[in-house]
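Good morning, colleagues. Please bring the sequence and the model up on the screen, and I shall take you through a few of its features.

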Amino acid sequence: MSKVYRKHLQGFFSDSTSFNILMNMLFIKGKYKSALEVLIEMKNQDVKFTIDTYVLAFAICYKLNSPESFKICTTLREEALLKGEVLSRRASCFAVALALNQNEVAKAMSIFSQIMNPESITCTNLNIILHIQLNTLENVMEILKNAAEGNLSKYVKRQVFSEEVLAKVREKVKDVPALVAKFDELYWKLHVSGQVTTCSLDAVLCHIPKNRKSHMFLLNKKMVSHRTFQPLGQSLLAE
């Protein structure tokens, strides 16, 4: 970060909202290193982090996906917990995804186990990836079976799986004939019941929740439907 830029931040950015908005703008433009510099400057100025700040911080670290960003994310998370800060499920999901990308499976599992109410589409797919990396394929199949054959009432919210994540499952079970047949059957049932989305795990992570009330946040350049996660032009026909 240039001295002029740092001086500008010191002179005009004295509250978390201003920093959050700037980080969010940089995040949208894909300037993750610059966003991280703003985050570090915010911390250096001892500006209090909000729930939104932690979401942005962990999302930035997740996008950078490096040993350094993983260390920063881990440190910020540990400091927050020591202070008794409340970390949202969304922030934790970014931390889990980053840990998985860095092959820190034990850390990912530890963070995931602390998420309250892990019933979101993001948690569902992260849980599958966790079990894939742990090579606990029977657990993966059980999760898919419960989702495909469980309570099918229209009043019960169904689990939705990313096509990308399911492709990882297929790749993992391809050498186990009994599991391949079982997976193909469950995959078909999930597709028929509309429980598979073409959105990648990354798109699911960066999607804005329907009930999000904040005026900002981690927007994908391609707008998607909140309910179906399909590109908006396509999903309007499906609504």
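I shall begin with the chain as a whole, then turn to one helix, one serine and one pocket.

Please keep in mind that this is a predicted model. The protein chain is built from 13 helices and two strands. It runs to 239 residues, of which 45% count as buried. If we take the contacts between residues at least 6 apart in sequence, 66% of them join residues at least 24 apart.

Let us now turn to helix H4, which covers residues 51–64. From its first C-alpha to its last, this helix of 14 residues reaches 20 Å, close to the 20 Å expected at 1.5 Å a residue. How many of the 14 residues of H4 are buried? Eleven are, and the helix is mostly covered. The buried residues include Tyr54, Phe58, Ile60 and Tyr62, and Asp52 is also among them. Against which elements do these buried residues pack? Their partners are helix H2 (16–28), helix H3 (32–44), helix H5 (67–82), H6 and H12. Just after H4 comes Asn65, with a positive phi of about 45 degrees.

My next subject is Ser162, which is placed in strand E1, residues 161–162. Why does Ser162 count as buried? Its relative accessibility is 0%, and the cut-off for buried is under 20%, so Ser162 qualifies. Leaving aside residues up to four places away in sequence, Ser162 touches Asn125, Thr197, Cys199, Ser200 and Leu201. In addition, a polar atom of the Ser162 side chain lies 3.2 Å from the backbone nitrogen of Glu164.

Glu164 and Leu201 bring us to the last topic, the second largest pocket. The space in this second largest pocket amounts to about 240 Å³. It is lined by 13 residues, and those closest to its centre are Asn101, Ile129, Glu164, Lys168 and Leu201. Two or more lining residues come from each of helix H6 (89–101), helix H8 (121–134), helix H10 (163–173) and helix H12 (201–206). Which helix gives the largest share of this lining? That is H8, with four residues. As for the chemical classes, eight of the lining residues are nonpolar, two are polar and three are charged.

To close, I would draw your attention once more to H12: this helix packs against buried residues of H4, and it also gives residues to the lining of the second largest pocket. Thank you for your attention.

Notes: Residues are numbered from 1 along each chain as its sequence is written. This is a predicted model: local features need pLDDT of at least 70, side-chain atom pairs count only at pLDDT 80 or more; totals for chains, interfaces and linings use all residues. Side-chain values use heavy atoms; hydrogens and water are left out. On a 1 Å grid over the protein atoms alone, a cavity is a set of points where a 1.4 Å probe fits but cannot get out, and a pocket is an open set with protein on both sides within 12 Å along at least five of seven lines; lining residues have an atom within 4 Å of a point. Grid points are joined across faces, edges and corners, and a volume is the space filled by probe spheres set on the points. Ala, Val, Leu, Ile, Met, Phe, Trp, Tyr, Cys and Pro count as nonpolar, Asp, Glu, Lys and Arg as charged, and the others, Gly among them, as polar. Buried means under 20% relative accessible area, exposed over 50%, partly exposed in between (1.4 Å probe, protein chains only). A polar contact is a pair of N or O atoms within 3.5 Å; within protein, one must be able to donate a hydrogen and the other to accept it, and residues adjacent in sequence count only if both atoms are side-chain atoms. Contact means heavy atoms within 4.5 Å. The expected span of a helix is 1.5 Å times one less than its number of residues.
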